[in-house]
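Colleague: I'm new to reading protein models and would love some help. Could we go through this one together, one question at a time?

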Amino acid sequence: MQASDPLVERWRRMSPAVILAAVLAVALGLGLAPPASTHWLRDAWREALRPGLVALGGTTGWMENRWAEFRCGDSRLPEAEQTIAALNDQVRALQTQLLVAHSERSGSTAGGAQDDAHPPLLITQTIGARVLGRQAQLFLPPRDLLDVGRTKGARPQALVIDDEAAAKSSGSAAPLLDQGEDAAVERGRLVVAGSRVWGKVAEAGPHTCTVQRATDAGYRDLVQLARPKEGRLQFTARGMLVGRGAALCKIEMVEATDQVTVGDLVFTAEDGALEAPLLYGRVTRVERKPGGTQWEIWMEPAVDSRSLPIHVAVLRVELNASRLASANSAQ
């Protein structure tokens with residue numbers, strides 16, 4: 001075995017108190033020594049510790065950035081969730097439009113010759129409109145801000161009471177559009193955002209109209225359910241869509257013998273006026289009470305009820321001028 005160095009052995013045998021006293025004496029001597037005679041030692045220590053100081057500074061900066069991201073994560077999370085939800089809605093809407101287009105193409109291929117020989121009697125036109133916010137409504141005359149009309153008992157020269165506070169507390173203020181009777185808007189016409197139904201015209205004034213959304217209490221419309229199958233829509237049951245003043249609508253009068261599942265699409269029922277069915281929403285819950293003969297169905301609207309769309313369109317059904325012209329020429 002190799003003998004150890006006598007200096008190392010002597011250092012090991014020294015007590016910690018002696019070592020500490022020696023270190024303090026050296027430090028005191030360096031502190032009292034003139035700066036000119038110790039600057040080389042300080043520079044050596046500084047160069048020796050520089051890599052550690054750089055690493056420590058980089059680690060501190062990285063930790064501060066991660067801490068800032070952690071603190072700001074909660075504030076940015078709702079915005080990110082809203083963006084994801086909006087993108088998911090757009091994807092579902094595009095998928096539905098592709099299914100409807102495929103179904104229409106298949107139907108027109110089968111009966112195209114007959115449609116050319118006998119054009120439809122009724123055609124659908126759209127009236128573009130913008131949803132007016134509270135600031136925009138301030139520029140309108142007071143008579144255009146009323147959301148009731150003759151159908152609710154309003155008469156010319158009748159007194160108007162300002163009940164804005166009650167409307168705010170109940171949350172029942174109807175959305176206002178910038179199109180009215182001067183654009184041939186009529187009460188009861190569907191209001192759509194793209195190919196999705198938002199509601200119906202509740203009241204039409206000279207230049208504006210109000211909208212009853214599908215989720216509003218008292219809203220009713222005949223609908224049909226459909227599900228994707230082999231790239232096309234397979235229509236199944238029909239029912240009555242009912243608004244209940246909540247986030248979800250209810251579909252009633254669907255027999256328990258009909259096949260209904262979560263995820264089924266809800267469209268407007270075909271009545272010969274619309275060229276293609278319009279999307280109302282998607283089935284989110286299906287239940288049946290013991291012994292019940294009808295399904296209890298809840299639907300999530302395709303148009304988010306928590307926010308107002310900017311651009312919408314009011315549907316107007318009118319007689320086909322080309323059909324009437326051909327009939328008159330035949331006579």
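Modeller: Gladly! Keep in mind that this is a predicted model. A good place to begin is Ala184, which sits in the loop between β2 (176–177) and β3 (190–193).

Colleague: What is the phi of Ala184, roughly?

Modeller: Ala184 belongs to the loop between β2 and β3. Its phi is positive, although the residue is something other than glycine. The value is near 65°.

Colleague: Is Ala184 buried, partly exposed or exposed?

Modeller: Here we need the cut-offs: buried means under 20% relative accessible area, and exposed means over 50%. Ala184 has a relative accessible area of 31%, so this residue counts as partly exposed.

Colleague: Which loop holds Met253, and is Met253 buried or exposed?

Modeller: Met253 is not a glycine, yet it has a positive phi of about 65°. Its place is the loop between β8 and β9. With a relative accessible area of 52%, over the 50% cut-off, Met253 is therefore exposed.

Colleague: Let's turn to charged pairs. How many salt bridges does the structure hold?

Modeller: Side chains of opposite charge can pair when their charged atoms come close. One such pair here is Asp216 with Arg213, whose side chains meet at 3.5 Å, N to O. The number of salt bridges in the structure is 9.

Colleague: How far apart along the chain are Arg227 and Asp264?

Modeller: The side chains of Arg227 and Asp264 meet in a salt bridge of 3.1 Å, N to O. This pair links distant parts of the chain, with Arg227 in strand β6 (residues 220–229) and Asp264 in the loop between β8 (249–252) and β9 (265–268). Along the chain they are 37 residues apart.

Colleague: Are Arg227 and Asp264 buried or exposed?

Modeller: The cut-off to use is under 20% relative accessible area for buried. Arg227 has 17% and Asp264 has 3%. Since each value falls under 20%, Arg227 is buried, and Asp264 is buried.

Colleague: In the pair of Lys289 and Glu296, which residue is exposed?

Modeller: Their side chains form a salt bridge of 3.6 Å, N to O. Glu296, at 17% relative accessibility, counts as buried. The relative accessible area of 54% is over 50%, so the exposed residue is Lys289.

Colleague: What is the volume of the largest cavity?

Modeller: The structure holds 1 cavity of 30 Å³ or more. Its lining includes Val197, Trp198 and Arg213, and Arg213 is the partner of Asp216 in a salt bridge. The largest cavity has a volume of about 50 Å³.

Colleague: How many residues of each class line the largest cavity?

Modeller: Among the lining residues are Pro301, Val303, Asp304 and Ser305. Sorted by class, the lining has 5 nonpolar, 2 polar and 2 charged residues.

Colleague: How far apart in space are Gly243 and Gly218?

Modeller: Gly243 lies in the loop between β7 (232–242) and β8, and is buried with a relative accessible area of 6%. In sequence, Gly243 and Gly218 are 25 residues apart. In space, C-alpha to C-alpha, the distance is 5.7 Å.

Colleague: Last one! What is the accessible area of the nonpolar patch on the surface?

Modeller: The patch is formed by Leu121, Leu122, Leu319 and Leu324. Leu122 lies in strand β1 (residues 122–132) and is partly exposed, with a relative accessible area of 32%. Together, the four leucines have an accessible area of about 320 Å².

Methods: Residues numbered from 1 in each chain as written. Predicted model: local features only at pLDDT ≥ 70, side-chain atom pairs only at ≥ 80, totals over all residues. Heavy atoms only, no water. Patch = residues over 30% accessible without salt bridge, like charges linked within 9 Å, V, L, I, M, F, W, Y side chains within 5 Å. Areas by Shrake-Rupley, 256 points an atom, 1.4 Å probe, with all protein chains shown as cover. Helix = DSSP H or I, 4+ residues; strand = E, 2+ residues; numbered from the N terminus. Buried < 20%, exposed > 50% of the residue type's maximum accessible area, 1.4 Å probe, protein only. 1 Å grid on protein atoms, 1.4 Å probe; cavity = no way out; pocket = protein on both sides within 12 Å on 5 of 7 lines; lining within 4 Å. Points joined across faces, edges and corners; volume = space filled by probe spheres on them. Nonpolar A, V, L, I, M, F, W, Y, C, P; charged D, E, K, R; others polar.
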